[in-house]
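I pulled up this model to look at a helix and how its neighbours pack. Notes below, in the order I checked things.

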Amino acid sequence: MVDALRGHERFLVTTHENPDGDALGSLLAMTLALRGLGKDAYMFLAGRTPLPGEYDFMPLDDVHRDLPSDANERVLVAVDCANESRLGADPEILHNAPFAVDIDHHHDNTRFGNINLIVPEASSTGEVLRDVFGELGVELTPEIAEALYIALVTDTGRFQYANTTPKALRLAVELVEAGADVHRIFQGVYENVQFAKLKLLARALERAQVYEGGAVVVSYLLRNDFAEVGAAEPYSEGIIDYLRAVEGAIMAVLIREPPRADGPLRRVSLRSSTDELDVSAIARKSGGGGHRQAAGFSSEASIEEITEFVRREYLAARNGSQGA
C-alpha cells in the first residue's frame with residue numbers, strides 16, 4: 001500500500017455514500033496527507049445527499065460531487081468503504097480507474113481494490129491511516145490530527161464501544177498532542193444538534209416498539225417525516241443509538257424511508273449491544289454488511305416485513321449461539 005501511494009502522483013480519494021465521521025475524517029486526512037507529500041489529490045463523494053450537519057465545522061469545502069475530467073487517469077483511493085456498491089450508483093468510478101487501493105477496517109470488506117489494506121481489529125479507518133502515514137513519513141499536522149481524531153472518536157462512540165482498544169486510546173493521546181482540538185470537535189459533533197433533527201428523533205422514539213422480551217427494539221421514519229420537520233436524510237444519523245440504549249436491548253433496528261426518490265425504498269440500520277450478536281451477518285442476508293455491532297442494508301420490503309425479518313434473524317442467531 002505504501003509503495004502504491006508513493007509510486008503514483010494523481011489520486012481520486014473517496015469514501016462511501018452517506019458518510020459518517022470515520023468516513024469524512026479519513027477522506028480528509030488521506031487527502032491532506034497526499035497533498036503534504038506533493039501529490040495531486042482530488043476529494044470526491046458520490047451522490048447529492050448533503051453532508052451531516054454535525055460535520056459542518058470540518059474543512060470540507062473542497063469535496064467535489066462530480067468526477068474530474070481525468071478521473072480515468074487517477075489512482076482511486078477508497079477509505080472506510082466495505083464494498084464497491086457503496087462508492088456510488090455509478091460503477092464506472094471503480095471500473096474506469098487505472099488502479100485502485102482500498103483501506104478499511106470492516107471485517108466483511110469485499111477487497112475490491114488492486115491492493116487492499118483491511119485491518120478488522122482496528123477501531124476505525126482513521127487508526128489504519130495513522131499507521132500508513134507513519135510508514136509514508138507524513139507529518140502529523142494539526143489539520144491531519146484533527147481529521148483522524150474525528151474518525152476515531154465517532155467510530156468508538158466517544159471511546160465507549162467495544163472497539164476502544166489500548167491502541168485506540170494511545171492514538172487519541174498522540175493526536176491531541178499533535179494539535180487536535182478535543183473541545184472544538186466535541187462541540188461540533190455532539191453539541192450542535194439541529195432542531196429539525198430533534199423533531200425527527202421524537203418521531204422515531206414515539207414509534208419505538210420492543211420485541212422478544214425487550215431484547216429487540218425497532219422503530220421507523222417515513223419519507224414525509226423528513227419533509228414535515230424540515231430534516232435532510234443525514235439528520236437520521238445517530239438516532240439508532242438512542243434505541244440501543246434502552247434497558248435490556250441487545251439489538252436495535254431503525255427503518256427509514258429516504259426523503260429522495262432516486263434511491264432504495266428503505267434503508268435499515270442495525271446495532272448490537274454485544275459482540276456475541278453479529279448484526280453484519282444479518283445485514284449480509286439482505287445484501288448489506290458492516291461491523292459485527294453496527295451494520296445496515298437497503299430493502300424494498302414493507303416496514304412490517306423488515307421487522308419480521310430482523311426478529312426472525314435475531315432469534316435464529318440467539319438460538320444458534322445457545323446451541324453452540
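I started with helix α6, residues 166–177 (helices here are DSSP runs of H or I, at least four residues, numbered from the N terminus). Its 12 residues reach 17 Å from first C-alpha to last, close to the 16 Å expected (1.5 Å times one less than the number of residues).

Before going on, I noted that this is a predicted model, where local features need pLDDT of at least 70 and side-chain atom pairs 80 or more, while totals for chains, interfaces and linings use all residues. Residues are numbered from 1 along each chain as its sequence is written, and side-chain values use heavy atoms, with hydrogens and water left out.

Next I asked which residues of α6 are buried. They are Ala-168, Leu-171, Ala-172 and Leu-175 (buried is under 20% relative accessible area, exposed over 50%, with a 1.4 Å probe and protein chains only). Down the axis of α6 they fall within an arc of 105°, so they line one face (the arc is taken from directions to the C-beta atoms). The face turned away carries exposed Pro-166, Arg-170 and Glu-177. I found α4 (125–136) and α5 (142–155) among what covers the buried residues. Just after α6, Gly-179 has a positive phi of about 125°.

Then I looked at α5 against α7 (residues 182–190). In α5, Glu-146, Tyr-149, Ile-150, Val-153 and Thr-154 meet Val-182, Arg-184, Ile-185, Val-189 and Tyr-190 of α7 (contact is heavy atoms within 4.5 Å).

Key: Helices (H or I, at least four residues) and strands (E, at least two) are DSSP runs, numbered from the N terminus.
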